[in-house]
Structure formats: C-alpha cells, structure tokens
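These exercises are to be worked with the sequence and the structure in view. Try each task before reading its solution.

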Amino acid sequence: MDQENSSQTILVTGAAGFIGFHLCKILLQNNFKVIGLDNLNDYYPVQLKYDRLKELGVLHPEQVEYKQSSSSKNHKNFLFVRLNLEDKNALPQLFEQHQFDKVINLAAQAGVRNSLKNPFKYIDSNIVGFLNLLECMRHYRVKKLIFASSSSVYGNNSKIPFAESDQVDEPLSLYAATKKSNELLAFTYSHLFEIQTIGLRFFTVYGPWGRPDMAIFLFPQAILKNQPVKVFNHGNLCRDFTFIDDIINGMMKIIQSDFLKKKYEIYNIGNSKPVELLDFIEAIEKKLGKKAKKEMLPMQPGDVRSTWANITRLQEDFDYQPQTDLQEGVNQFLNWLEVYSKQKVDKPF
C-alpha cells in the first residue's frame, strides 16, 4: 500500500490547523506526497499553528512569506505553502505546478460565535475560497475532493441522532450557513464536472494540538487558575465529542478507498455517544484532581443545544469505528497540554 501511495500527490488545505496537521502527519507516515496549504491567519494565536508546522519539519514557518513555500527537514514528501484559498491568481498557479490526485479541504474560517462579529471573513474564506478550489479542480482535472462540513448544519434539529437524510435548511449561525453552502456547491460541481466529492460533517473534534478557543482548552486552564468555568445554557448542552485519532482513522479509510456509491456523498463523522456538558467538565476535574467553579450563563447566540451523530452510513461504507471514550481522550489531551504549556512558558498561547 505504501508503495502505491508514493505515486499519489494530495493537497491538504488548512494544513496548519488542528485536523489538517494530524491528517498531514498520518498521510506522510503512509508515504503520500503532501502539499500543505494554510494562510496562517490569527483567528487564534498563530504560534500554535507555527508549532504544528514545526512538528511536520518546517523549520521556520513564521518566516514563510505569502505565496512562498517551505520544505520539511523530516519528510521529503512534504511541502508547505502559505496561501489564501480565495486568491484567484495564486491558487491556479499551485494547481498548475503540482498534479494533484486528491484534494482534502480543511481550510475554513472557524468558530460559530465569531461569525456573528466578522461575517465577511466567513464568506471570503468558506464560500469564495471553496468556489475557487472547485474551479481549480475543474480546470486542472482533479477528480476527487474530500471536504469538511460541520454538524452545525443541523441547527436545533429535534430528531436525534442526526442523520444525513435530515433537513438542514435552518442554520443558526453564519458559519453553519457557509458549511451548508459548501455542500450545495460540491453537489453542483460533482454533477456538472464529474468530480467525486465527499463531505464530512464533523462533530466536536478534540484532542492534542486542538484549537485554543475550544472548551477543552479553556476549562482546565480556568480550573487550574481558580477562575470560573463559563457554563452556557446553565449546563443544558450536549455534544458528540469525537477524539482526533478516531477522526483521522476514518478519513484515512476514505482517502485510501475508491469506493463511493454516488459521485456526491455526505457522511456524519462523530463518536455517536453524546456527552452532557457537566459530565465533560467532570471528566476534566477527574484528571486534574480539582473541582471547577462554575459560572452558569444563558445560551449564546448561534449555539445549538445538542449534537449527536448517526454514523451508520460511514460504518457500513468504510468500516468506521470510533474507539476512544471521553475520559481516555480527555486524559490524552491534558497530558499533551501540560507538556506543551511548559514548553510555551515564555510564549503563552
């Protein structure tokens, strides 16, 4: 399999992001040639993105100028390129330079709450950028796209668990609306230009190297500093927490398979074991050996009450089997966070 992979070149967008970093790492271990694209924006402290790239062997990612590339000292098959997806001149040049076999689109302006404050960033990155990517695939004849959608497209769906066949026409945030738009655009390009497209609706992914704006980052830091943990909707929230290793294992099954029932498919990719927010806090408390001070707050605009993935279709088509229970995943994350925080003592994230 590895020898076969060595002839495949994959573009991974959002390569310095949480999921993109982990995916690049595994693809390289499996001998794929990987071009990693990221614009290194400052939605959250960019030092974490630099550090992820350093883990991939990019020596001085902070010195990579826009539209420039940098190779890896650890992986001869990895090249990092700093670029905006919405750049209509530079992105086609990248496609002309490399003959991609597959594209994995994980680049996006993330964050539900932030989309209320900075809506145009979400349109530029998530819609204009996605369309630009599809146009490049069309003109340079790249025939397979796997792209990140989100469980947020389900809104406050009253039917649980969420299934791919459920209606998703009532997004509660602009972020969710952009992800629904991606699915529609992908369907259209699949239909018109014979591009095989697979959309993955991610459900609350967490783990080492995760985003510092997420609860699993914020809660333990608050607990250790004796600061209150902000508990929205008075704790009446439920999330389908999915450990990063399970997500990556599922994605690799899809990448390495040519199976697809139709040219366009959407799959839920989650844990299918929803966790109450207060139980999530309890798992963190158990690992830290310290109780949290809780500040009960109302529901935040754009948030949803619960998420729960029906993963039957992904299990049937790709033998997807999440393995990591919440306490094990929380323990792994907090072990990593302790080590990383000590390394960053002079440069807090």
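**Exercise 1. A proline in a loop**

In which loop is Pro161 found?

Solution. The structure is a predicted model. Pro161 is in the loop between S6 and H7. Next, look at the bond before this proline: Ile160 and Pro161 are joined by a cis peptide bond, with omega about -5 degrees. Pro171 also lies in the loop between S6 and H7. For Pro171 the relative accessible area is 32%. Buried means under 20% and exposed over 50%, so Pro171 is partly exposed. Apart from neighbours within four places in sequence, the contacts of Pro171 are Ala176 and Ala177. As a last step, compare sequence and space: Pro171 and Ala309 are 138 residues apart in sequence, and their C-alpha atoms are 17 Å apart.

**Exercise 2. The length and course of a helix**

Compare the span of helix H6 with the expected one, then locate its bend and the elements it packs against.

Solution. Step one is the length. H6 covers residues 119-139, which is 21 residues. From first to last C-alpha, H6 reaches 29 Å, close to the 30 Å expected at 1.5 Å a residue.

Step two is the bend. H6 turns by about 30 degrees at Gly129.

Step three is burial. Gly129 is one of the buried residues of H6, and others include Tyr122, Phe130, Leu133 and Met137. An α-helix has 3.6 residues a turn, so residues three or four places apart point the same way.

Step four is packing. The buried residues of H6 pack against strands S1, S5 and S6 and against helices H4, H5 and H7.

Step five is the end of the helix. Just after H6, Arg141 has a positive phi of about 55 degrees.

**Exercise 3. Two covered helices**

How many residues of H9 are buried, and how many of H3?

Solution. Begin with H9, residues 244-255. Its 12 residues should span 16 Å at 1.5 Å a residue, and the end C-alpha atoms are 16 Å apart, so the two values agree. Nine of the 12 residues of H9 are buried, so that the helix is mostly covered. Among them are Ile244, Asp246, Gly250, Met251 and Ile255.

Now take H3, residues 47-55. Seven of its nine residues are buried, so the rest of the structure largely encloses this helix. The buried residues of H3 are Gln47, Leu48, Lys49, Tyr50, Asp51, Arg52 and Leu53. They pack against helix H2, strand S4 and H12. Just after H3, Gly57 has a positive phi of about 95 degrees.

**Exercise 4. Two strand residues**

Are Val12 and Thr197 buried or exposed?

Solution. Val12 belongs to strand S1. Its relative accessibility is 0%, so Val12 counts as buried. Leaving out residues up to four places away in sequence, Val12 touches Leu23, Leu27, Val34, Ile35 and Ile104, among others. Val12 and Glu96 are 84 residues apart in sequence and 16 Å apart from C-alpha to C-alpha.

Thr197 is in strand S7, residues 196-202. Its relative accessible area is 0%, so Thr197 is buried too. Beyond its neighbours within four places in sequence, Thr197 has contacts that include Leu145, Phe147, Ala186 and Tyr264.

**Exercise 5. Positive phi outside glycine**

Where do Glu194 and His234 lie, and what is the phi of each?

Solution. Glu194 is in the loop between H7 and S7. Its phi is near 55 degrees, a positive value in a residue other than glycine. With a relative accessible area of 42%, Glu194 is partly exposed.

His234 is in the loop between strand S9 and strand S10. The phi of His234 is near 55 degrees, again positive in a residue other than glycine. With a relative accessible area of 46%, His234 is partly exposed.

**Exercise 6. The lining of a pocket**

Which helix supplies the largest share of the lining of the second largest pocket?

Solution. The volume of the second largest pocket is about 210 Å³. Its lining includes Pro220, Leu224, Lys287, Leu334 and Glu338. Helices H8, H10 and H12 each supply at least two lining residues. The largest share, five residues, comes from H12. Sorted by class, the lining has five nonpolar, three polar and three charged residues.

Methods. Residues are numbered from 1 along each chain as its sequence is written. This is a predicted model: local features need pLDDT of at least 70, side-chain atom pairs count only at pLDDT 80 or more; totals for chains, interfaces and linings use all residues. Side-chain values use heavy atoms; hydrogens and water are left out. Helices (H or I, at least four residues) and strands (E, at least two) are DSSP runs, numbered from the N terminus. The expected span of a helix is 1.5 Å times one less than its number of residues. The bend at a residue is the angle between axes fitted to the seven residues ending there and the seven starting there. Buried means under 20% relative accessible area, exposed over 50%, partly exposed in between (1.4 Å probe, protein chains only). Contact means heavy atoms within 4.5 Å. On a 1 Å grid over the protein atoms alone, a cavity is a set of points where a 1.4 Å probe fits but cannot get out, and a pocket is an open set with protein on both sides within 12 Å along at least five of seven lines; lining residues have an atom within 4 Å of a point. Grid points are joined across faces, edges and corners, and a volume is the space filled by probe spheres set on the points. Ala, Val, Leu, Ile, Met, Phe, Trp, Tyr, Cys and Pro count as nonpolar, Asp, Glu, Lys and Arg as charged, and the others, Gly among them, as polar.
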